[in-house]
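Work through the exercises below with the sequence and the model in view. Try each task before reading its solution.

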Amino acid sequence: QVQLVESGGGLVQAGGSLRLSCAASGRTFRDYAMAWFRQAPGKEREFVAAVSWSGSSIYYADSVKGRFTISRDNAKNTLYLQMNSLKPEDTAVYYCAADRYEYYSGTYYSWGQGTQVTVSS
């Protein structure tokens, strides 16, 4: 069982930056990969980025590659998403998710409640 709590969302102007955090509790944090997803109004939830248990394997959606950076601190049981050069189309609720396995498998068994990111033009 893993509990996930996101924070760090807010309102920012286009071109600005935000850093999201996801605090995990319950199951040992280093036992599983983690990912970020987002869902914009009227759209389906989409994959943003994923990181393996050690941080050695990282994946990004093409839409955020070069602008977003996913990382994790296993000592603090926390996942991060540094978002730079934000665009209005990045506006969405951002969710963190715990993968079932140590490396990215695309199957998730726990989700956070989400944090709103709004980018104004």
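**Exercise 1: The overall fold**

Read along the sequence, the predicted model follows the pattern β-β-β-β-β-β-β-β-β-β-β.

Task: Decide how the radius of gyration of the protein stands against the globule rule for 121 residues.

Solution. Start with the elements: the protein has 11 strands and 0 helices. Next, take the radius of gyration, which is 13 Å. The globule rule gives 14 Å for 121 residues, and the two values are close, so the protein is as compact as a globular protein of that length. Finally, note the extent of the C-alpha trace, about 40 × 25 × 25 Å along the principal axes.

**Exercise 2: The four-stranded sheet**

Task: Find the order of the strands in the open sheet of 4 strands, and name its edge strands.

Solution. The order is E1-E3-E8-E7, with antiparallel pairing. At the edges lie strand E1 (2-7) and strand E7 (68-73), each of which pairs on one side only. On average, neighbouring strands of this sheet are turned by 15° against each other, direction ignored. Now look at one pair: E1 and strand E3 (residues 18-26) are antiparallel and joined over 6 bridges. Leucine 4 has alanine 24 in E3 as its bridge partner.

**Exercise 3: Alanine 50**

Task: Is alanine 50 buried or exposed?

Solution. First locate the residue: alanine 50 is in strand E5 (residues 46-51). Its relative accessible area is 0%. Buried means under 20%, so alanine 50 is buried. Then list contacts, leaving out residues up to four places away in sequence: alanine 50 touches Met34, Ala35, Ser57, Ile58, Tyr59, Ile70 and Tyr104. For the protein as a whole, buried residues make up 44% of the 121 residues.

Methods:
Residues are numbered from 1 along each chain as its sequence is written. This is a predicted model: local features need pLDDT of at least 70, side-chain atom pairs count only at pLDDT 80 or more; totals for chains, interfaces and linings use all residues. Side-chain values use heavy atoms; hydrogens and water are left out. Two strands pair if DSSP finds at least two bridges between them. Helices (H or I, at least four residues) and strands (E, at least two) are DSSP runs, numbered from the N terminus. Axes are lines fitted to C-alpha atoms, for helices over the stretch in contact, and angles run from 0 to 180 degrees between N-to-C directions. Buried means under 20% relative accessible area, exposed over 50%, partly exposed in between (1.4 Å probe, protein chains only). Contact means heavy atoms within 4.5 Å. The radius of gyration is taken over C-alpha atoms; the globule rule is 2.2 Å times the number of residues to the power 0.38.
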